[in-house]
Structure formats: structure tokens, C-alpha cells
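Work through the exercises below with the structure open beside you. Try each task before reading its solution.

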Amino acid sequence: MNNPQGLNYSSGGGFSGFGGGGGVAVGGGSISISGTSHPDDAMIHSYPKFTLEDELREMSTLTMNEIVKVESDLMGATASFDTMAVGAPKQHYHHYHLQHPHPWAGHYQQQQHQQQHQQQPSDTVREVEEEHLYRLQIELDSIPLVDKVAYVKACSIPARLSSGEESCKYEAMGINDIGRSRHMAYLECCSFDATLAARKIVQYWEERLELFGVARAFLSMTLHGTMKDEVEWMMATSSMMILPQRDGRGRTVIFGDPSRKDMSIYDSRRQVMTMWYLLETILQDAEARRRGLVVVTSAKYSHGMSMDFKSASWCRRLLGDVFPVPLRSSHFCHPSKVANYVLFPILKFLMGRDMRLRFKSHYGTDSAVLCQLESYGLTRDVLPKELCGAV
């Protein structure tokens, strides 16, 4: 294991990422925790870990600006004030909360498009956007073909396939609402550096192809397209959902409950597909993607579950490298002692520096955990009933 920072990966610590259940593969192995068995000590100690000593060493290297940025993200103070109104009202996802128990069962993208058309940008803003998009296209065109195989395939596929299904052609080219919104999101994420944004977009298509395969990666990213084979599975066992209401700082909240997983049909890849789709729906809402994302996981009812390092590692890549939606903070509630001292140090290593700094774990009674979450802007009216919330 490459260790450029001289960190110690030998013993326990405490961290949680996007915890979950399921058979797990890390470096060819798997870890399972249950009430009657324990992970093999030799296997556990063979994995890299992030210890308390490592954490203290990492914290000592932070600059004052980095500390302020981390605290701003955790507390919800960070927002793109130059591109949105400060204190804009939080959005309510009524079509989720009132009609569907899970976000993927609704028509989220259709409602987002309606909302976007209600507030059309001024002509000046449109001109500036068009200039940035033009420069982005120049950069995309300049990338060698060998380095953008998936992107070229997405752009060259017929708009309507022989099966009658709609492809991702116009989406990839950035000439429909979904594609244009995605391209603008990458430009904003990269501070309008068109060269960097172009590389990120190419990476997006490479990752999409790797995850969904040739047969599905180039369909439209909808419940009737790329995700058509996942709807039933998501309803049955996926542990992640977008909560109906944003928090008091306007951040979108994804809630994870590993106890929802049906281990007889659970699959790490499909779990990552679910996360991909949730991020796609957030990406189409300009205000949502700028204000960022908060991930809240509860292990309150997950005793005896195993930890899915495979999907956790992949989701880290999606949030950290692939999608231009900033992860403001991650909260893990009610972790078990075994998870805290055995599994979390491994997850903490997998999460990487930025996500580690923005992670908080919460222990204690239900009321104590709720009080801790509320201090970060995650109030009762936003949280689900699993965390004594009102949703």
C-alpha cells in the first residue's frame, strides 16, 4: 500500500462512511459481522486503516482557511452566494413525501424541469453561459479520441435506438436540458476551468459505462431508460433515499438505513447504481447542487449486519471525483462498538482526506443523537422517524 504521507495503518480508530450491509469485497476479500461470528483477525489487520494518531497528524497539517472551510461545510454556512440568493427558501419534495415512500418512485426530473422553467435566466446570464459552454465544447473536442471512448460513443449513438428506446445522445452532447445542466454543473464545480471540466465529463462517461455496461450506459438516465431494470430492486431493498425536505441550510439530505436491505437479493453494484441515480436527480436542480449534499446513516436497527466496503468505496469515488455535487458532511448515527473499532478505521481510510474531515459520528440515546444532529442544521422536521424525526 502506497503511503506517501507516512500515516500509520496498523490499528483501530473510529469512522463511518456510507455504511451498509452485504457481502463485501476489499482487495479480493470480504468482511462480515454478525451476532455469532467475527471477522478473521488476520484479514482485518491486512487492510489499511486510519487511526486516531493519523487523524491528529492530519488535523495538524490543516491551514486556517481549510479549517474554516470544513466547519462551514459541516454547519451549512457554505453556499455559492455569487450564484444564488442568500437564505433562499428550502424546497419541499411533496411528490415524494405525499405520494411515494422513496424518491425513485416519483417523477423528480419532470418536476425539476418545470421549476427551472418558472425562473428563466436573464439574457445576459444566458450569453455568459453560452460562452462558457462553447469553450467547454472546444476543450472536449481537443481531447484525443483514445482518451474519450465512452464520451464519443455516447455522442455518436442514434438518438432513437432500434428498440424504440431513447438514447443519451443529446444528453451527452449537452444540447438538451439534462445535458446542458450537467455541463454547467461541471463548469461551476471546476470554477469555470473548461479544460478541467472537460476531463471530468469524460471521466463521468467512463464511470457510467463501467457501472451500467454497454447495454444500458447509453440509454437516457431515467427510470424508463438506464434504470428500468432497477426500480423493483430499489423499492425492495435499497437502503438509500432522498429525504422529502432539505435541511435548514437548503442542503439535500440522503438518508441511509442498512436494516432495509434484503440480504437474499442485495447487490453492491445495484446499490451504487441507486446512488448514481439519486445524484443525477440532484444534479438537475441548480440550487440543490450548489448548496450541496448531506449524507445521514443510521445503524440503529442494523445490528448483525455486515459492512459493504465495495459500495462504500465506489460511492466515495462518485461523490469525490465523478459528480459535481459537493458533499458538505456525512453523519453516522448509532454505530455498534464492533463497527466503531473494527470496520470504521478501514472505511475512514477509504473515504479520503476531504470526506474524513467532514464526517461526524453520533452516539447515545435517541434524544442525544437528535440533539447532536440539530446542531448541524439537521432538525426534527427534516429527519426520518428512524432518528426521531417527523418524516
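## Exercise 1: A salt bridge between two helices

Glutamate 55 counts as partly exposed, at 29% relative accessibility. The model is a predicted one.

**Task.** Find which side chain meets glutamate 55 in a salt bridge, and classify that partner as buried or exposed.

**Solution.**
1. The partner is lysine 348, with an N to O distance of 2.3 Å.
2. Place both residues. Lysine 348 is in helix α16, and glutamate 55 is in helix α2 (residues 52–60).
3. Check the separation. The two are 293 residues apart, so the pair links distant parts of the chain.
4. Classify the lysine. Lysine 348 has a relative accessible area of 4%, and buried means under 20%, so lysine 348 is buried.
5. Look along the helix. Phenylalanine 344 is also placed in helix α16, which covers residues 337–351.
6. Phenylalanine 344 is buried, with a relative accessible area of 1%. Its C-alpha lies 9.7 Å from that of threonine 51, a residue 293 positions away in sequence.

## Exercise 2: Two arginines of helix α14

**Task.** Determine which glutamate forms a salt bridge with arginine 290, and which one meets arginine 291.

**Solution.**
1. Start with arginine 290. Glutamate 188 is its salt-bridge partner, and the closest N and O atoms are 2.6 Å apart.
2. Locate this pair. Arginine 290 sits in helix α14 (residues 286–291), glutamate 188 in helix α9 (residues 177–189). They are 102 residues apart, and the pair links distant parts of the chain.
3. Turn to arginine 291. Its side chain meets that of glutamate 287 in a salt bridge of 3.2 Å, N to O.
4. Locate this second pair. Both residues lie in helix α14, four residues apart, or about one turn of the helix.
5. Apply the cut-off. Arginine 290, at 18%, is under 20% and therefore counts as buried. Arginine 291 is buried too, with a relative accessible area of 6%. Glutamate 287 is partly exposed at 24%.
6. Now look for shared partners. Salt bridges join Lys69, Asp73, Arg328 and Arg358 into one network.
7. Close with the total. The whole structure holds 28 salt bridges.

## Exercise 3: The surroundings of histidine 362

**Task.** State where histidine 362 lies, which side chain it makes a polar contact with, and which residues it touches beyond its sequence neighbours.

**Solution.**
1. Histidine 362 belongs to strand β5 (residues 359–362).
2. Histidine 362 is buried, with a relative accessible area of 2%.
3. Its side chain makes a polar contact of 2.9 Å with the side chain of histidine 331.
4. Leave out neighbours within four places in sequence. The contacts of histidine 362 then include His331, Phe332, Cys333, His334, Val369, Leu373 and Tyr376.
5. Move on to threonine 365, in the loop between β5 and α18 (366–374).
6. The side chain of threonine 365 joins that of serine 367 through a polar contact of 3.2 Å.
7. Threonine 365 and histidine 334 are 31 residues apart along the chain, with their C-alpha atoms separated by 8.6 Å.

## Exercise 4: Cores and a surface patch

**Task.** Identify which residues have the most contacts inside the largest nonpolar core, and which residues form a nonpolar patch on the surface.

**Solution.**
1. The largest nonpolar core has 60 residues. Trp205, Trp276, Leu293 and Leu318 have the most contacts inside it.
2. Another core lies apart from this one. It has 14 residues, among them Met241, Val294, Cys333 and Leu373.
3. Zoom in on leucine 318. Not counting residues up to four places away in sequence, it touches Val272, Met275, Trp276, Leu279 and Phe323.
4. Recall the general trend. In soluble globular proteins, nonpolar side chains tend to be buried together.
5. Go to the surface. Met64, Ile67 and Val68 form a nonpolar patch there, with about 280 Å² of accessible area together.
6. Valine 68 is in helix α3 (residues 64–75). At 45% relative accessibility, valine 68 counts as partly exposed.

## Exercise 5: The whole chain

**Task.** Give how many helices and strands the protein chain has, and what share of its residues counts as buried.

**Solution.**
1. The protein chain has 18 helices and five strands.
2. Of its 391 residues, 52% count as buried.
3. The chain exposes about 17,400 Å², with carbon and sulfur atoms supplying 54% of that area.
4. Take contacts between residues at least 6 apart in sequence. Of these, 77% join residues at least 24 apart.

Definitions and conventions: Residues numbered from 1 in each chain as written. Predicted model: local features only at pLDDT ≥ 70, side-chain atom pairs only at ≥ 80, totals over all residues. Heavy atoms only, no water. Patch = residues over 30% accessible without salt bridge, like charges linked within 9 Å, V, L, I, M, F, W, Y side chains within 5 Å. Areas by Shrake-Rupley, 256 points an atom, 1.4 Å probe, with all protein chains shown as cover. Salt bridge = Lys/Arg side-chain N within 4 Å of Asp/Glu carboxyl O. Buried < 20%, exposed > 50% of the residue type's maximum accessible area, 1.4 Å probe, protein only. Core = buried A, V, L, I, M, F, W, Y, C linked by side-chain atoms within 4.5 Å. Contact = heavy atoms within 4.5 Å. Polar contact = N/O pair within 3.5 Å; in protein donor to acceptor, adjacent residues only side chain to side chain.
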